[in-house]
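Please read the explanation below with the sequence and the coordinates open side by side. It begins at a single residue and works outward to sheets, cores and disulfides.

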Amino acid sequence: MRRRGVDFRRPVRRRFPNVVWWTLCMVVFLVFILIFSKESQIETGPVKRSYRHDRIMEGLNVTDEMLNPNSVTRQLSDQISLAKAFVVISKESNNLQFAWELSAQIRNSQALLSNAATRRTPLTTGESETAIHDMALLLYQAQQLHYDSATMIMRLKAKIQALEEQMSSVNEKSSKYGQIAAEEVPKSLYCLGVRLTTEWFGNPNLQRKLRERKQIEARLKDNSLYHFCVFSDNILATSVVVNSTALNSKDPDKVVFHLVTDEINYSAMKAWFSMNSFCGVTVEVQKFEDFKWLNASYVPVLKQLQDSETQSYYFSGHNDDGKTPIKFRNPKYLSMLNHLRFYIPEVFPALKKVVFLDDDVVVQRDLSSLFSIDLNGNVNGAVETCMETFHRYHKYLNYSHPLIRAHFDPDACGWAFGMNVFDLVAWRRRNVTGIYHYWQEKNVDRTLWKLGTLPPGLLTFYGLTEPLDPSWHVLGLGYTNVDPKLIERGAVLHFNGNSKPWLKIGMEKYKPLWEKYVDYSHPFMQQCNFH
């Protein structure tokens, strides 16, 4: 047993020295690594510290140079900044010679600063003294010319006020001239009317053709046909409406146009539509002076025309010191051709449904589908325009008036005249013309609305309008840019606005849409220089 114990202890004595040996080796190795790393830090430390120190000192030198009140670099930079301001001011004052002198001295001073930055040494007083002195003389001269800040602030305020007044005056003149240009009758159009009137009275064949056409009077009352009405004194514009509708109609033989004009243009209108055929379309021409029911005792607009105050407002323009914009004083808004749209059942007593078209539209698609649209008991089918906030009721009507405020929602959606489907049966049943008379009489003092026939239309057909698909009626071609995709899909394009396509001020990019329906080869068109 003892020998076995002795043999067991011997290996222990052999392993103990081995453990000590390995421990000592590890300690020596760690000490060696530690010493080596400290030597590396000692070698690289001074270099990094020296580089960082140089960069900081360089930045401090530049900063000290600019912050030092005695620094010529800073003085020169301040002079340049002030001189640049005076260059602008002197140009505004039309002192171009002084502005040139300042600019030249600015370039000299900037050259000095650039040279100093290139050689990386500050400017000395000696080399910059001349530049600082010359610039100081110019800046003193600027002060003597009253280019100091306080004076310039007052001058700029006065100039801003003068510019605002000038802009207001220009805008007013632009509005007046634009309105005048929009209302003018082009010489060529006037010539056409005169030529056609002369032809009507001098050519018996035209009158015979008209008498022959009267044999088709039954068509004028046939409610199975497609009836359109246009109220206009513009022969050429009306011709484009009829021609574009006929050319794009699937069945022009079923199309009937009822045209109403005034006595001045009645003969010319009859002559034009007697000597021209529009794909078999039936055309009737009337003048509103023949409507015996159209008198002051029945029509509020005619009654208002007899009022001296109304006449002064629309025709003199001197009773409110020019406070009312010229577009609100346009006499055309009292024209019966504009207000006749509110008397369509009286004008066409035998008809049940008509499509009303303005004379500044172009038809691009067949419109027969309009006559099968269900208006759901409403009187007026129209395209709504309230995609934009400025086409809601509150933009057209005076909501400070209690009568308007009590009866109409200011955010109600507006709609457009120009292409409207009218159910005349529902119109008569609801006495829509009577509603129009009521609001027209309430507005005798022009406190409910100011302009045109759309505001009374919004009141008259409030709650009686059925929205149509927007592609039926695309607006804006007479005053703004319209999405080409909308134009391509549009059934009726409306040149509403002052820039009518037959005027010189018409929008050139949209004129071809209208002109392609004008027959420039017609002898009368050539004689009157239409091109």
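In this predicted model, a convenient place to begin is N420, which is buried, with a relative accessible area of 0%. This asparagine belongs to strand β7, which covers residues 419-423. A polar atom of the side chain of N420 lies 3.1 Å from the backbone nitrogen of G418. Setting aside residues up to four places away in sequence, N420 touches V354, V355, F356, N380, G381, A382 and W415.

The strand that holds N420 is part of an open sheet of 7 strands, whose order is β3-β2-β1-β4-β7-β6-β8 and whose pairing is mixed. At the edges of this sheet stand β3 (282-287) and β8 (465-467), and each has a single partner strand, so one side of each is left without a neighbour in the sheet. Direction ignored, neighbouring strands of the sheet are turned by 25° against each other on average.

Within the same order of strands, β1 is followed by β4, and the pairing of these two can be followed down to individual residues. Strand β1 (residues 226-231) pairs with strand β4 (residues 353-357) in the parallel sense, over 2 bridges. C229 has F356 as its bridge partner in β4, and F356 is also among the residues that N420 touches. Helix α8 packs on the sheet and touches β1, β2 (255-261), β3 and β4, while its direction makes about 175° with that of β2. Helix α9 (residues 263-275) packs on the sheet as well, in this case touching β2 and β3, and its direction makes about 165° with that of β3. As for C229 itself, this cysteine counts as buried, at 0% relative accessibility.

In addition, 3 strands form an open sheet with mixed pairing, in the order β5-β10-β9. Its edge strands are β5 (361-363) and β9 (473-474), each of which pairs on one side only. Strand β10 (residues 492-494) and β9 pair in the parallel sense over 2 bridges, and V492 in β10 is the bridge partner of H473.

Which residues have the most contacts inside the largest nonpolar core? That core has 61 residues, and the ones with the most contacts inside it are F257, F273, L357 and L477. Helix α8 (residues 235-247) gives the most to this core, with 7 residues; the helix was met above as one that packs on the sheet. Apart from this core lies another, of 45 residues, among them V260, L351, A382 and F417. Of these, A382 is also one of the residues in contact with N420. More broadly, nonpolar side chains in soluble globular proteins tend to be buried together.

L477 gives a view of the surroundings of one core residue. Leaving aside neighbours within four places in sequence, L477 is in contact with V482, I487, L493, H494, F495, N496, S499, M507, Y510 and L513.

The cysteines supply a further set of links, since a disulfide is a covalent bond between the sulfur atoms of two cysteines. The structure holds 2 disulfides. One of them is formed by C191 and C528, whose sulfur atoms are 2.1 Å apart. C191 lies in helix α6 (residues 187-202) and C528 in the segment after α20 (523-527), so the pair ties together parts that are 337 residues apart in sequence. The torsion about the S-S bond of C191 and C528 is about -70°, and the disulfide is therefore left-handed. Is each of these cysteines buried or partly exposed? C191 is partly exposed, with a relative accessible area of 21%, whereas C528 is buried, with a relative accessible area of 3%.

A disulfide also joins C386 to C413, with an S to S distance of 1.9 Å. C386 lies in the loop between β6 (380-382) and α14 (402-407), and C413 in the loop between α14 and β7, so this pair ties together parts that are 27 residues apart in sequence. With a torsion of about -90° about the S-S bond of C386 and C413, this disulfide is left-handed. C386 counts as buried at 16% relative accessibility, and C413 counts as buried at 18%.

Counting the bonded cysteines along the chain, the disulfides follow the pattern 1-4, 2-3. Elsewhere, C279 counts as partly exposed, at 38% relative accessibility.

Technical notes: Residues numbered from 1 in each chain as written. Predicted model: local features only at pLDDT ≥ 70, side-chain atom pairs only at ≥ 80, totals over all residues. Heavy atoms only, no water. Helix = DSSP H or I, 4+ residues; strand = E, 2+ residues; numbered from the N terminus. Buried < 20%, exposed > 50% of the residue type's maximum accessible area, 1.4 Å probe, protein only. Polar contact = N/O pair within 3.5 Å; in protein donor to acceptor, adjacent residues only side chain to side chain. Contact = heavy atoms within 4.5 Å. Disulfide = S-S within 2.5 Å. Pairing = 2+ DSSP bridges. Core = buried A, V, L, I, M, F, W, Y, C linked by side-chain atoms within 4.5 Å. Axes fitted to C-alpha atoms, helices over the stretch in contact; angles between N-to-C directions.
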